[in-house]
Amino acid sequence: MLIAVEYDRGAPFIHLLRIRTEAEGGGSELLWCCELVHCCGLIRQLGWSNAGSCVFGDAFGCFYLLDFRGRQCRLLKHYKRDSGDVQGTVRRDGGALMVLFERHDDFFLQELSLQPDAEGFASPAIELDLYDDDCFGGGFDYRDENEPCFELSCRQRLYPGPGNSLILHCVDKEYDSESGSRVHFQYLLRIDLAERGPRYRVYPLATPPQDWHPEREAIAICAELGLAALPILMPAEATEGGVALGIEWVDLDSGNRSVPVWVRRYPHFGDEKSATGVLQSLSISLLYPDEQLLWLGWEDGSLRCVGLDGSLKSPLLQAPGQLLRAGPSLLFDCRYSLARSAVPEAVDTQLEQSAGLKMQVHDWRHNWQPSPQQQWLLNRLGRNCIRVDDLDDPSERLAALMQLQQLTLDCAALRRDRTIALLFEDGRQQWNEARFFEQAARQVEAHPVMARVLDNFSEYANSEGCMGEDYKPPLADCALQLGLQDAFFLPVIRRYLFALDNDHDGFFVGEGDGLYQLQCRHEQDARWQEFFESQPYYECYEEDWEE
């Protein structure tokens with residue numbers, strides 16, 4: 001099975017897929033899809049419950065639990081925090097989602113149950129205080145005034161650790177008064193929840209290069225083995241010139257670090273800036289404890305397999321995208337395509353060479369063959385659905401507009417992230433906004449309702465931060481079709497245009513030609529010139545339009 005995430009209309013869509021064999025024509029079969037309505041921006045998969053459900057979350061503290069077997073999606077909790085003030089990870093035993101969040105400069109840890117009989121139950125939040133003497137459980141003594149000041153942060157990388165602990169990988173800096181410069185350092189912070197409260201252990205790591213900000217996926221933490229695999233720059237003399245990217249293993253119980261082993265050489269790099277780029281280029285580390293293997297992937301499509309004993313298990317392989325998973329075969333994300341390859345046999349004499357992979361590439365939506373019911377559901381994703389009995393009936397279209405008028409009294413509730421998109425349906429058919437408003441505008445009795453819809457949006461305080469579907473502004477077809485009917489509505493259109501993000505609108509100006517269509521219809525009307533000179537695009541486009 002494969003989980004694909006799409007962001008075409010605001011909130012993320014989740015697709016559960018089965019990879020088809022070549023005999024089936026390749027591509028994938030759509031098994032199920034759903035929408036994470038309240039999530040904003042990019043989401044992450046945060047782990048699996050012990051009942052087989054999957055947890056997803058965004059950067060604002062919105063967490064969903066997806067039961068793929070039962071085809072159910074439910075909101076666990078929405079903390080509604082600012083970006084970077086909250087993050088979560090599923091505990092190693094799969095029994096709970098552990099959420100770390102910041103509030104008024106204090107840090108808290110809360111447990112959200114994932115047990116089937118208590119899903120979403122939130123335990124009381126525990127305040128975390130790294131400077132409480134009674135909570136320091138071992139490792140590096142952060143209270144030594146000659147050493148860096150370690151601290152909690154929700155902007156660092158959070159992982160499940162051994163037992164029911166949590167691991168934070170932190171890269172930080174502080175000002176050194178003696179040298180007059182900032183000192184960069186990194187460390188692992190382990191948090192154990194005991195009966196008497198939280199306990200901390202701090203494990204210092206190698207000094208990182210300046211301005212290194214690793215992705216979460218670039219650090220491999222294996223709670224089962226109690227090991228972390230961290231990228232490290234190896235000295236030039238150890239790699240015959242230039243630098244090398246190495247991997248060192250850190251024991252998550254003791255903090256002991258292994259001797260690093262090189263995994264990729266960079267003979268033409270050497271200064272601090274390029275050293276940061278070397279570390280930053282590592283994009284994913286996948287650790288497979290049963291096979292005792294670590295797969296590494298880079299931004300340029302390179303990948304390599306390393307044994308937990310430090311031995312190279314593959315040459316430096318070249319692939320067209322981001323490694324998703326390894327095993328009997330390798331699977332890659334190539335933006336809107338999936339690529340698969342067999343794992344090549346390793347030959348000892350070729351381990352330090354580069355080698356290409358023979359790939360099978362398909363659009364990840366290729367060969368879906370959705371049923372009518374699935375297509376109906378796909379059309380609904382990311383859109384606010386307005387349902388009536390018969391869209392071909394003018395009175396029912398007017399009823400749909402009356403529903404929309406009520407909905408736009410609270411435009412914030414219509415948003416999927418920043419997008420406001422609509423779908424109109426009855427039991428037989430679904431209409432997009434362009435088709436619906438073109439038909440509705442032919443009814444004179446619909447015009448005042450369409451005007452009230454636009455005025456409701458214009459009065460929405462955050463209207464400028466919204467976008468519509470297919471790169472249009474929100475309700476763009478409603479505005480255009482109403483404006484084409486009668487110059488009487490041009491003041492409504494002007495108020496609407498001032499409510500938009502005019503710097504990024506390509507519908508009323510540019511390729512969309514919305515204002516040009518209005519000009520062609522009303523240019524001879526005395527009211528057009530007043531509208532034209534008072535609308536927000538006038539100064540920018542006056543010269544072009546006069547020509």
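## Exercises on a pocket, a cavity and a helix

β27 (337–342) and β29 (360–363) each contribute at least two residues to the lining of the largest cavity. Helices (H or I, at least four residues) and strands (E, at least two) are DSSP runs, numbered from the N terminus. The model is a predicted one, where local features need pLDDT of at least 70 and side-chain atom pairs pLDDT 80 or more, while totals for chains, interfaces and linings use all residues. Residues are numbered from 1 along each chain as its sequence is written, and side-chain values use heavy atoms, leaving out hydrogens and water.

**Exercise 1.** Describe the largest cavity and its lining.

*Solution.* Start with the term: on a 1 Å grid over the protein atoms alone, a cavity is a set of points where a 1.4 Å probe fits but cannot get out, and lining residues have an atom within 4 Å of a point. Next, the volume is about 60 Å³. Then find the lining in the structure: I19, G27, S28, L331, L338, R340, Q360, H362, D363 and W364. β29 gives the most, with three residues. Finally, sort the lining by class: four nonpolar, four polar and two charged residues, with Gly counted as polar.

**Exercise 2.** Place T419 in its surroundings.

*Solution.* First, locate T419 in the loop between α3 (394–407) and β31 (422–425). Is T419 buried or exposed? T419 is buried, because its relative accessibility is 4%, and buried means under 20% relative accessible area (1.4 Å probe, protein chains only). Next, list its contacts (heavy atoms within 4.5 Å): leaving out residues up to four places away in sequence, T419 touches R9, G10, L414, M467 and G468. With G10 there is also a link from the T419 side chain to the backbone nitrogen, at 3.5 Å. Last, turn to the second largest pocket (an open set of grid points with protein on both sides within 12 Å along at least five of seven lines). Its lining has 21 residues, and T419, M467, G468, D470 and Y471 lie nearest its centre.

**Exercise 3.** Work out how the buried residues of α7 are arranged.

*Solution.* Begin with the residues: in α7 (residues 490–498), L490, V492, I493, Y496 and L497 are buried. Now look down the helix axis: these residues fall within an arc of 155°, so they line one face of the helix. The arc is taken from the directions from the helix axis to the C-beta atoms. To finish, see what covers them: among the elements are α5 (447–458), α6 (476–485), α8 (514–522) and α9 (526–534).

Key
Buried means under 20% relative accessible area, exposed over 50%, partly exposed in between (1.4 Å probe, protein chains only). A polar contact is a pair of N or O atoms within 3.5 Å; within protein, one must be able to donate a hydrogen and the other to accept it, and residues adjacent in sequence count only if both atoms are side-chain atoms. Grid points are joined across faces, edges and corners, and a volume is the space filled by probe spheres set on the points.
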